[in-house]
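Biologist: I have a fresh model on screen and some questions. Can we go through it together?

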Amino acid sequence: MQVRACALSDVGRTRRFNEDYFGLDNERRIFLVADGMGGHGNGEVASRLVVKSIQEFYDELESQSVFRRSRGSAERSQHLEEAVNLANSRVLEEVEKDGSLVGMGTTLVAMLVDTDRATVAHVGDSRAYRLRDNRLKLLTSDHTWVNEQVNAGNISESQAKTHPFKSVITRALGGDRDVQVELHDLELAPGDVYLLCSDGLTGMISDDSIRRHLAADEPLEEICNRLVAEANAEGGRDNITVLVMAVD
Ligand code: CA
């Protein structure tokens, strides 16, 4: 199956730095969105480092001609998990080398597409969505304190949306040495549209708006522009990153 992808990252309307970063590799079909944190622009160091590290991991696999041969869901997931773990170690090493970077970390949502299947990996509150038959499905679960409380039945979803701790994430790259990566294996279908995004989008606009934009019969560039523009129109309180991928 053919896929097309497009991405856009925007600083938003209130932040000084854009600490989000994306990786878009149409040829190898590796799609990444990372949302860095750490203040003073250090989050940008973490998000870039993670994206570059994952890309380098696949460069290395390709140079060993392992990448092209590794065509099974289990192997694809295993490689992606390895890539994410390695990226986590790279962030921790960087902090060890440079004390001024203490506290930096990043979320990650990654999608690796094979012929007709894909693996999604994520850590933190960046999300992956799929639009199919005009219905929007959230493919990831936020690794946040409020989401854990919702899942445990302690608070409702509507309480979670306005909770003062809603931005507290429970997993990030650059936190613990052993990071738990959540992995999903998916089957692609022609007409599917996927969105990877940072919480600067989902904190500002509703799932229904996202569905409407993804369903629009517009070029992917225009869909990216409209998503970012609406998040900014709603306040743009955080950096906004969107990566839209369509299956033909
Ligand atoms: Ca963010």
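Modeller: Sure. One term first: buried means under 20% relative accessible area, exposed means over 50%, and partly exposed is in between. Also keep in mind that this is a predicted model.

Biologist: Good. Then is Arg132 buried, partly exposed or exposed?

Modeller: Arg132 is partly exposed, because its relative accessibility is 26%.

Biologist: Which residue does Arg132 meet in a salt bridge?

Modeller: Asp192. The N to O distance is 2.7 Å.

Biologist: Where do the two sit in the chain?

Modeller: Arg132 is in strand β7 (residues 127–132), and Asp192 is in the loop between β9 and β10 (193–197). They are 60 residues apart in sequence, so the salt bridge ties those parts together.

Biologist: And Asp192, buried or exposed?

Modeller: Buried, because its relative accessibility is 1%.

Biologist: How many salt bridges does a search of the whole structure find?

Modeller: It finds 19. One of them joins Glu62 and Arg28, with the closest N and O atoms 3.3 Å apart. Glu62 is in helix α1, while Arg28 is in the loop between β2 (20–25) and β3. That pair links distant parts of the chain, 34 residues apart.

Biologist: Is Arg28 buried or exposed?

Modeller: Arg28 is buried, at 10% relative accessible area. Its partner Glu62 is partly exposed, at 30%.

Biologist: What does Glu96 pair with?

Modeller: Arg177, through a salt bridge of 3.3 Å, N to O. Glu96 belongs to helix α2, and Arg177 to the loop between α4 (157–162) and β9 (182–187). Those two are 81 residues apart. Glu96 is exposed, with a relative accessible area of 63%. Arg177 comes out as partly exposed, at 48%.

Biologist: Which residues are linked in a network of salt bridges?

Modeller: Arg76, Asp114, Arg117, Asp185 and Glu187.

Biologist: Why would such side chains pair at all?

Modeller: Side chains of opposite charge can pair when their charged atoms come close.

Biologist: Switching to the metal. What coordinates the calcium ion?

Modeller: Asp35 appears twice through OD atoms, joined by an OD of Asp199 and an OD of Asp238. The distances run from 2.3 to 3.0 Å.

Biologist: How are the donor residues spaced in sequence?

Modeller: The pattern is D-x163-D-x38-D. Asp35 lies in strand β3 and Asp199 in helix α5 (residues 199–202). That pair links parts of the chain 164 residues apart.

Biologist: Are Asp35 and Asp199 buried or exposed?

Modeller: Both are buried.

Biologist: Now the nonpolar core. Which members of the largest one touch the most other members?

Modeller: Leu32, Val50, Ile54, Tyr58, Val84, Leu108 and Leu173, out of 30 residues in that core. The elements giving two or more residues to this core are β3 (30–37), α1 (42–63), α2 (73–97), β5 (108–113) and β6 (117–123). Helix α1 gives the most, with eight residues.

Biologist: Take Leu108. What is it in contact with, leaving aside neighbours within four places in sequence?

Modeller: Leu108 contacts Leu32, Val33, Ala34, Val50, Ile54, Val84, Ala121, His122, Val123 and Leu173. Apart from that core lies another one, of 21 residues. Its members include Leu201, Met204, Val244 and Ala246.

Biologist: And on the surface, which residues form a nonpolar patch?

Modeller: Trp145, Phe165 and Val168. Together they have about 260 Å² of accessible area. Trp145 lies in helix α3 (residues 145–151). Trp145 is partly exposed, at a relative accessible area of 31%.

Biologist: Next, the loops. Where is Ala152?

Modeller: Ala152 is in the loop between α3 and α4. It counts as exposed, because its relative accessibility is 54%. Ala152 and Phe67 are 39 Å apart, C-alpha to C-alpha, and 85 residues apart in sequence.

Biologist: Last one, where is Pro219?

Modeller: Pro219 is in the loop between α6 (207–215) and α7 (220–233). Pro219 is partly exposed, at 46% relative accessible area. Its C-alpha is separated from that of Arg48 by 27 Å, with the two positions 171 residues apart along the chain.

Technical notes. Residues are numbered from 1 along each chain as its sequence is written. This is a predicted model: local features need pLDDT of at least 70, side-chain atom pairs count only at pLDDT 80 or more; totals for chains, interfaces and linings use all residues. Side-chain values use heavy atoms; hydrogens and water are left out. A nonpolar core is a set of buried Ala, Val, Leu, Ile, Met, Phe, Trp, Tyr and Cys residues joined through side-chain atoms within 4.5 Å. Buried means under 20% relative accessible area, exposed over 50%, partly exposed in between (1.4 Å probe, protein chains only). Helices (H or I, at least four residues) and strands (E, at least two) are DSSP runs, numbered from the N terminus. Contact means heavy atoms within 4.5 Å. Donors are N, O and S atoms within 2.8 Å of the metal (3.2 Å for Na, K and Ca); water is not among the atoms, so sites may look incomplete. Patches are made of residues with over 30% relative accessible area and no salt bridge: like charges are joined within 9 Å, nonpolar side chains (Val, Leu, Ile, Met, Phe, Trp, Tyr) within 5 Å. Accessible areas come from the Shrake-Rupley method with a 1.4 Å probe; for residues, only the protein chains shown count as cover. A salt bridge is a side-chain nitrogen of Lys or Arg within 4 Å of a carboxyl oxygen of Asp or Glu.
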